[in-house]
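Me: I have a structure open next to its sequence and would like to go through it with you. Could we take it one question at a time?

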Amino acid sequence: MILTLWLFLIEGEKGSAGEKGSQGKQGQKGTPGTCDAQGSSCCTAGCSTGFHLFEKVQDLPTRGAKAVEHFTIDGSLFLAFANYYGDIHKHKTSSMIYKMDEPSGKFNLYQTLQTRGARRFEYFSISDKHFLAVANQWTDGSHQLDSVVYQWNGLKFIVFQKISTNGGSQFTSFTISGEKYLAVANYHDGSSRSTKSVIYKWSSGKFNKFQEIATEGGHFVKLQTLQTYGALDVKSVNINGHTFLAFANHYSGSKYNTDSFIYKWDGNKFGLFQSIPTRGATSWYPFAISGQTYLGVANYYGDSQKYNTQSAVYQASGPRFIEYQEIPTQGARDMTSFEYKGQTYLAVVNYYNQKYNINSALYRWA
């Protein structure tokens, strides 16, 4: 698969939101939207947005990639691609880390990591230490295998800790009251998709189980169990001091058009905050522009639209998330947002549409 990078060129100003189009048609372009219910728990006063226009930047070779993660270490920008399936080594294909070359302004291959049906990467740091966790989902006919947390040694990533997972789909890191947590979304335990996902807590220089859950072993402590349906991703987002977890429910066991769940921290535990209709959702990604928070969701497969389904961007507006923009995608697997030289980028990974070698896109919001 070739990842195609695009630039998203725009110039927005405060104003009203554009009108949503009817199904199958593009909506009317509006002036940048301002948030509703200002001063609410989700929206910041004075926020504004804008978008539109594409320009191709670079093609990056990948092997059945399902996710991309950006991060910066000591001023250097990296993109890590989780390769799920290669034409030669199948699920045992290596994943790739690219590094930005400043003189050329292009990404070059920097390091490969041995992965097994890699589903996601999650970068995070604790104090001055840099970590990259990979969720290994499938190999040799089994979902039950170790996922891995890597640590940066100054030159490259080396194995730090292995974690038992059941079809591990995603790690996400977050902080509550100064405590570091790591959540993993489990997709399949070998017999059912109605499996438990797990939350772990950092303690004494490693991850320790905080509260009992389905996964055994490792150095983590289980905190809480949350209901999911074939979850392929979990992301945390903090809006004005409120912490949310967004789970991407991919498949209910009978259909792909199923709601995904957003949970909210109430001071002691997470409770269901909002259900959002999704189509074979594979990824959530939170980002902020001009003080306004957004949640992008990559929809992989619709029961009627198949792989040519729409992915979407939701906006935090008042006490809930509302749909802001739909994006045409082809078996979308992931998205990520990052800033480079003062500009915000949004990358969307397209995985499949009758073939694997299709283009993905990177947009720039200016």
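Reply: Happy to! One definition helps from the start: buried means under 20% relative accessible area, exposed means over 50%, and partly exposed is in between. Please keep in mind that this is a predicted model.

Me: Then let's use that cut-off. Is Thr-258 buried or exposed?
Reply: Thr-258 is found in strand S17, which covers residues 257-265. Its relative accessibility is 12%. Since buried means under 20%, Thr-258 counts as buried.

Me: With which residues is Thr-258 in contact, leaving aside its neighbours within four places in sequence?
Reply: Contact here means heavy atoms within 4.5 Å. With neighbours within four places in sequence left aside, the partners of Thr-258 are Asn-249, His-250, Tyr-251, Ser-252, Ile-276, Pro-277 and Thr-278.

Me: Stepping back, how many helices and strands does the protein have?
Reply: For some background, 56% of the 366 residues of the protein count as buried. Among contacts between residues at least 6 apart in sequence, 45% join residues at least 24 apart. As for secondary structure, the count is zero helices and 25 strands.

Me: Which residues have the most contacts inside the largest nonpolar core?
Reply: This core has 17 residues. The elements that give two or more residues to it are S3, strand S4 (76-83), S7, strand S8 (129-136) and strand S9 (144-152). Apart from it lies another core, of 16 residues, with Tyr-181, Leu-245, Phe-247 and Trp-265 among them. Back in the largest core, the residues with the most contacts are Phe-71, Ile-97, Leu-132 and Phe-157.

Me: Leu-132 caught my eye. Which residues is Leu-132 in contact with, leaving aside neighbours within four places in sequence?
Reply: Leu-132 is one of the residues with the most contacts inside the largest core. Beyond its sequence neighbours, Leu-132 is in contact with Phe-71, Ala-80, Ile-97, Leu-113, Phe-121, Glu-122, Tyr-123, Val-148, Val-149, Tyr-150 and Phe-157.

Me: How far apart in space are Phe-124 and Thr-172, C-alpha to C-alpha?
Reply: Phe-124 is found in strand S7 and counts as buried at 6% relative accessibility. Leaving aside neighbours within four places in sequence, its contacts include Lys-129, Phe-131, Ser-173 and Phe-207. Phe-124 and Thr-172 are 48 residues apart in sequence, and their C-alpha to C-alpha distance is 8.6 Å.

Me: On to aromatic rings: why does the pair of Phe-273 and Phe-321 tie together parts that are apart in sequence?
Reply: A search of the whole structure finds 30 aromatic pairs. Phe-273 and Phe-321 form one that is edge-to-face, at 6.4 Å centre to centre and 80° between the planes. Phe-273 lies in strand S18 (residues 270-279) and Phe-321 in strand S22 (residues 320-328), so the parts that the pair ties together are 48 residues apart in sequence.

Me: And which one of those two rings belongs to a buried residue?
Reply: Phe-273 has a relative accessible area of 25%, so it is partly exposed. A relative accessible area of 2% goes with the buried residue, Phe-321.

Me: Which residues do ring pairs link into a cluster?
Reply: Every member of this cluster is listed as a tyrosine. Ring pairs link Tyr-251, Tyr-256, Tyr-300, Tyr-301, Tyr-307, Tyr-351 and Tyr-352.

Me: Now for the empty spaces. What is the volume of the second largest pocket?
Reply: Of the 20 residues that line this pocket, the closest to its centre are His-70, Ser-236, Tyr-285, Pro-286 and Ser-337. The lining divides into eight nonpolar, eight polar and four charged residues. The volume of the second largest pocket is about 420 Å³.

Me: How much space lies in the largest cavity?
Reply: The search of the whole structure finds one cavity of 30 Å³ or more. Its lining includes Ala-67, Arg-120, Tyr-285 and Asp-334, and the elements giving two or more residues are S3, S7 and S23. By type, the lining residues are five nonpolar, two polar and four charged. The space in the largest cavity is about 40 Å³.

Me: Last one: where is Asp-74 placed?
Reply: Phi of Asp-74 is near 50°, a positive value in a residue other than glycine. Asp-74 counts as exposed, at 71% relative accessibility. Its place is in the loop between S3 and S4.

Key: Residues are numbered from 1 along each chain as its sequence is written. This is a predicted model: local features need pLDDT of at least 70, side-chain atom pairs count only at pLDDT 80 or more; totals for chains, interfaces and linings use all residues. Side-chain values use heavy atoms; hydrogens and water are left out. On a 1 Å grid over the protein atoms alone, a cavity is a set of points where a 1.4 Å probe fits but cannot get out, and a pocket is an open set with protein on both sides within 12 Å along at least five of seven lines; lining residues have an atom within 4 Å of a point. Grid points are joined across faces, edges and corners, and a volume is the space filled by probe spheres set on the points. Ala, Val, Leu, Ile, Met, Phe, Trp, Tyr, Cys and Pro count as nonpolar, Asp, Glu, Lys and Arg as charged, and the others, Gly among them, as polar. A nonpolar core is a set of buried Ala, Val, Leu, Ile, Met, Phe, Trp, Tyr and Cys residues joined through side-chain atoms within 4.5 Å. Buried means under 20% relative accessible area, exposed over 50%, partly exposed in between (1.4 Å probe, protein chains only). Helices (H or I, at least four residues) and strands (E, at least two) are DSSP runs, numbered from the N terminus. Rings of Phe, Tyr and Trp (its six-membered ring) pair if their centres lie within 6.5 Å; planes under 30 degrees apart count as stacked, over 60 as edge-to-face and the rest as tilted.
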